[in-house]
Amino acid sequence: MDKVRIGVIGAGRIGKIHVDNLLKLPQAEILAISDLYADVDLEEWAQVRGIPIVTTDSDAVIHHPDIDAVFICSSTDSHVPLIKSAARNGKHIFCEKPISMDFRQTKEALEEVRRAGVKLQVGFNRRFDHNFRRIREHVESGAIGDVQLIKITSRDPSPPPESYIAVSGGIFMDMMIHDFDMARYLSGSEVEEVFAQGGVLIDPAFAKYDDVDTAIVTLRFANGALGVIDCSRQAAYGYDQRAEAFGSLGAATADNDYANTVALSTAEGVQSDKPLYFFLERYSEAYLLETQQFIECVRSGQPVPVDGEDGRQAERIAAAAKRSLRERRIVKLSELDVAESIHAGNEGR
């Protein structure tokens, strides 16, 4: 097809980011946007961008005969039913992470996608970051030899409000899920074992929801490599996003992105700018690239670069980390397969 006609479901912050990025692509055209709280302000916002349909009804988007693909940017609890409905109506799907809070429900959605023969890309935008992509290239080329260790640092500049904490699904599903996907991406291997430790060191509100705001997760990969992820909801100096792949022949390391790389050196010391403040600034290019690649895959028929199974595997790691923290032990991901089989058996009765 020459142009992919798009419907966007969910007009919050991330939905609007995708809209503005889609408008930069001549191969895409946005026909409709839906949001449960669509109002006059949203209608005016859409009108300025040339979007003809604004509605509170996501079905109106999914059933629109001229729409080829949908961007699902609504709340996580709505993702699975929307994916299933979109697939049944022959729409290709871009869905924000996580697909769901339960990897078993995610599997059900993926089966619907497979039966329908449509594409599903998950919004793991960090795979499109120029720094992390370069590490992956060095791993794939063999430049660092056999991968032995993956190290990821992920720290937000400030914690979210309590209203968000209450529905986020916890630090492993909401925040670290990006890092779990990045660990798989950088290592080129699946995770087999998880051990998590965490604490409430920033805001006591997290404890009210059986959550933590500071965590370390260690991983063991199928290829024998080890991984460690450190995560914090608050870094006083800004958004801290670093990664390293260490191997038998060397290491590939990615530092933070900065507004500039100038360092002022004087007798008093050395000063430089803080990292870019948050994800909108750090990953602005990555958001555009993931959108662009999805559109190209729909047009060309090629497989998407980050598919539903990538989303499900990250959710499985998050579930294992949550269980590890609760039970204070190493959790094998194979344990989740047993639980999944029991769940499937009960569902089939």
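Which side chain of opposite charge is nearest to Glu 290, and how far away is it? The nearest one is Arg 127, at 9.0 Å. Glu 290 is buried, yet has no salt bridge. This is a predicted model.

**Glu 290 and its surroundings**

Glu 290 belongs to helix α12, residues 284-300. Residues up to four places away in sequence are set aside for its contacts. Beyond them, Glu 290 touches His 18, Phe 94, Glu 96, Gln 121, Gly 123, Phe 124, Asn 125 and Phe 128.

One of these partners, His 18, is among the buried residues of helix α1. Helix α1 spans residues 13-22 and is mostly covered. Seven of its ten residues are buried. They are Ile 14, Gly 15, Ile 17, His 18, Val 19, Asn 21 and Leu 22.

**Salt bridges**

The whole structure holds 30 salt bridges. Side chains of opposite charge can pair when their charged atoms come close. Three of the pairs are set out here.

| Pair | N to O distance | Relative accessibility |
|---|---|---|
| Asp 20 and Arg 49 | 2.8 Å | Asp 20 30%, Arg 49 26% |
| Glu 190 and Arg 184 | 2.8 Å | Glu 190 35%, Arg 184 10% |
| Arg 326 and Glu 327 | 3.8 Å | Arg 326 54%, Glu 327 35% |

Salt bridges with shared partners link Arg 127, Asp 181, Arg 184, Glu 190 and Asp 310 into one network. Arg 127 is also the residue named above, 9.0 Å from Glu 290.

Asp 20 and Arg 49 meet in a salt bridge of 2.8 Å. Asp 20 sits in helix α1 and Arg 49 in the loop between α2 and β3 (53-55), so the pair ties together parts that are 29 residues apart in sequence. Asp 20 is partly exposed. Arg 49 is partly exposed as well.

In the Glu 190 pair, the partner Arg 184 is buried, with a relative accessible area of 10%. Glu 190 is partly exposed, at 35%. In the third pair, Arg 326 counts as exposed because its relative accessibility of 54% is over the 50% cut-off. Glu 327 is partly exposed.

**A negative surface patch**

Which residues gather in a patch of negative charge on the surface? They are Asp 39, Asp 41, Glu 43 and Glu 44. Glu 44 has its place in helix α2, residues 40-48. Its relative accessibility is 45%, and Glu 44 counts as partly exposed.

**Two buried residues and their contacts**

Is Phe 132 buried or exposed? Phe 132 is buried, at 3% relative accessibility. Its place is in helix α6, residues 130-141. Neighbours within four places in sequence are left aside for its contacts. Phe 132 then meets Arg 126, Met 182, Tyr 185, Leu 186, Gln 241, Arg 242, Ala 243, Ala 254, Arg 282 and Tyr 283. Ala 109 is 23 residues away in sequence, with its C-alpha 29 Å from that of Phe 132.

Lys 91 is buried too, at 5% relative accessibility. The residue is found in the loop between α4 (79-88) and β5 (92-95). Leaving aside neighbours within four places in sequence, its contacts include Ile 62, His 64, Pro 65, Ile 67 and Asp 68. Ala 69, Val 70, Ala 86 and Val 118 are also in contact with Lys 91. Ile 6 is 85 residues from Lys 91 in sequence, but 9.4 Å from it in space, C-alpha to C-alpha.

**Loops and backbone**

Most residues other than glycine have a negative phi, and most peptide bonds are trans. Three sites depart from this pattern. The peptide bond from Lys 97 to Pro 98 is cis, with omega near -20°. Pro 98 is found in the loop between β5 and α5 (103-116).

Asp 210 has a positive phi, near 55°. It lies in the loop between α10 (205-208) and β9 (214-221). Asp 210 is exposed, at 69%. Arg 328 also has a positive phi, near 55°. Its loop runs between α13 (308-327) and β15 (331-332). Arg 328 is exposed, with a relative accessible area of 74%.

Gly 188 is another loop residue, between α9 (177-187) and β8 (191-199). At 56% relative accessibility, Gly 188 counts as exposed. Its C-alpha is separated by 30 Å from that of Leu 82, 106 residues apart along the chain.

Methods: Residues are numbered from 1 along each chain as its sequence is written. This is a predicted model: local features need pLDDT of at least 70, side-chain atom pairs count only at pLDDT 80 or more; totals for chains, interfaces and linings use all residues. Side-chain values use heavy atoms; hydrogens and water are left out. Patches are made of residues with over 30% relative accessible area and no salt bridge: like charges are joined within 9 Å, nonpolar side chains (Val, Leu, Ile, Met, Phe, Trp, Tyr) within 5 Å. Accessible areas come from the Shrake-Rupley method with a 1.4 Å probe; for residues, only the protein chains shown count as cover. A salt bridge is a side-chain nitrogen of Lys or Arg within 4 Å of a carboxyl oxygen of Asp or Glu. Lys and Arg count as positive and Asp and Glu as negative; His and the chain ends are not counted. The place of a charge is taken as NZ of Lys, CZ of Arg, CG of Asp or CD of Glu. Helices (H or I, at least four residues) and strands (E, at least two) are DSSP runs, numbered from the N terminus. Buried means under 20% relative accessible area, exposed over 50%, partly exposed in between (1.4 Å probe, protein chains only). Contact means heavy atoms within 4.5 Å.
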